[in-house]
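Please examine the sequence and the three-dimensional structure shown below. The paragraphs that follow lead through them step by step.

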Amino acid sequence: MKIFLDTANIEQIRNGMKLGLVDGVTTNPTLISKENAKFEERIVEICEAVKGPVSAEVIATDFDNMLSQARELASLNEHVVVKIPMTPDGIRAVKALSEEGIKTNVTLIFSSLQGLLAAKAGATYVSPFVGRLDDVGNDGMQLVAELNEIFGNYGFATEIIVASVRHPRHVLQAAMIGADIATIPYEVLLRLFNHPLTDNGLRRFQNDWQEYERKQRS
Ligand code: E4P
């Protein structure tokens with residue numbers, strides 16, 4: 001499973017890249033609004049750091065303006081993937097962009113039928129928002145499982161990005177289902193490393209080694 005970072009924070013992205021585990025980045029208008037940076041400049045900066053897929057979202061909601069914003073975003077860097085919202089105009093734009101060879105990530109997917117439409121339109125990626133579904137009492141991971149089955153049934157090349165990830169268990173469930181990608185906040189990535197028995201075990205090894213060295217010296 002590929003791991004993307006869900007952030008527009010360049011420091012978090014650089015730190016994530018140092019771990020050698022990050023394959024791409026997703027941003028959205030909310031994440032960009034938390035940064036003190038010019039949108040286009042930050043996207044280029046992220047692309048240069050990651051050298052992998054970087055999702056940048058259009059703000060327009062009508063077909064013509066989505067298309068022109070998408071073309072502008074795609075021209076910024078070869079790694080840009082244009083994020084398009086799941087609406088009829090959005091799906092029309094995805095179809096047109098896929099014919100132009102521009103990669104798309106259909107965002108705000110909350111049902112498997114929305115995902116089916118996006119895949120049929122030629123989306124490169126779909127982003128089911130599991131955390132937001134869980135928040136309203138639905139089962140976000142059930143959506144991922146359904147999308148995985150539907151895309152398998154028809155051999156769609158569209159990849160599933162499990163989005164709106166809130167905790168390590170979401171990452172585990174995404175991997176168990178066989179989702180292509182999980183896009184995760186930086187702090188969730190760091191939490192994937194943790195286990196108290198690893199910490200205790202390491203502490204014990206270090207203490208025992210110090211004791212061994214002390215005995216060798218005496
Ligand atoms: C995905 O591409 C979105 O940027 C993101 O995962 C949304 O997550 P949130 O529900 O935590 O805002």
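Two strands are said to pair if DSSP finds at least two bridges between them. By that criterion strand 1 and strand 8 pair, since 4 bridges join them, and the two run parallel. The model examined here is a predicted one.

The overall form may be considered next. The protein chain has 218 residues, of which 38% are buried. Its secondary structure amounts to 11 helices and 8 strands, and its C-alpha trace spans about 80 × 40 × 30 Å along the principal axes. Of the contacts between residues at least 6 apart in sequence, 54% join residues that are at least 24 apart.

How are the strands arranged? The 8 strands close into a barrel, in the order 1-2-3-4-5-6-7-8, with parallel pairing. On average, and with direction ignored, neighbouring strands of this sheet are turned by 30° against each other. In general, the strands of a sheet pair through backbone hydrogen bonds, either parallel or antiparallel.

Individual pairs show how the barrel is put together. Strand 1, which comprises residues 2–6, is paired in the parallel sense with strand 2, residues 24–26, over 3 bridges. In this pair, L5 stands opposite V25 of strand 2. Strand 1 is also joined to strand 8, where K2 is found opposite I181. Strand 8 in turn pairs in the parallel sense with strand 7, residues 159–162, over 2 bridges, and V162 stands opposite A182 of strand 8. Within strand 8, residues 181–184, I181 and T183 point one way, whereas A182 and I184 point the other way; all four are buried.

Which residues have the most contacts inside the largest nonpolar core? This core has 54 residues, and those with the most contacts inside it are A70, V82, A118, V126 and V162. V162 has already been met as the residue opposite A182. A118 is in contact with M86, I91, V94, V106, I109, A123, V126 and T158, when its neighbours within four places in sequence are left aside. In soluble globular proteins, nonpolar side chains tend to be buried together.

The structure also contains a ligand. Surrounding this ligand are D6, T26, N28, T107, S127, F129, G131, R132, A163, S164 and T183. Sorted by class, this shell consists of 2 nonpolar, 7 polar and 2 charged residues. T183, a member of the shell, is also one of the buried residues of strand 8.

Two residues deserve attention for their backbone angles. K51 has a positive phi of about 50°, although it is not a glycine. K51 is located in the loop between helix 3 (39–50) and strand 3 (54–57). L108, likewise not a glycine, has a positive phi of about 65°, but its place is in strand 5, residues 104–109. Are these two residues buried or partly exposed? K51 counts as partly exposed because it has 13 C-beta neighbours inside 10 Å, whereas L108 is buried because 20 other C-beta atoms lie within 10 Å; a residue needs 20 or more to be buried.

A final example is T87, in the loop between strand 4 (80–85) and helix 5 (88–99). T87 has 16 other C-beta atoms within 10 Å and is therefore partly exposed. The C-alpha atoms of T87 and E99, which are 12 residues apart along the chain, are separated by 18 Å.

Key. Residues are numbered from 1 along each chain as its sequence is written. This is a predicted model: local features need pLDDT of at least 70, side-chain atom pairs count only at pLDDT 80 or more; totals for chains, interfaces and linings use all residues. A residue is near a molecule or strand if its C-beta atom, placed from the backbone, lies within 6 Å of it. Ala, Val, Leu, Ile, Met, Phe, Trp, Tyr, Cys and Pro count as nonpolar, Asp, Glu, Lys and Arg as charged, and the others, Gly among them, as polar. A nonpolar core is a set of buried Ala, Val, Leu, Ile, Met, Phe, Trp, Tyr and Cys residues joined through C-beta atoms within 7 Å. A residue is buried if 20 or more other C-beta atoms lie within 10 Å of its own, exposed if 12 or fewer, and partly exposed in between; C-beta atoms are placed from the backbone. Two residues are in contact if their C-beta atoms, placed from the backbone, lie within 7 Å. Axes are lines fitted to C-alpha atoms, for helices over the stretch in contact, and angles run from 0 to 180 degrees between N-to-C directions.
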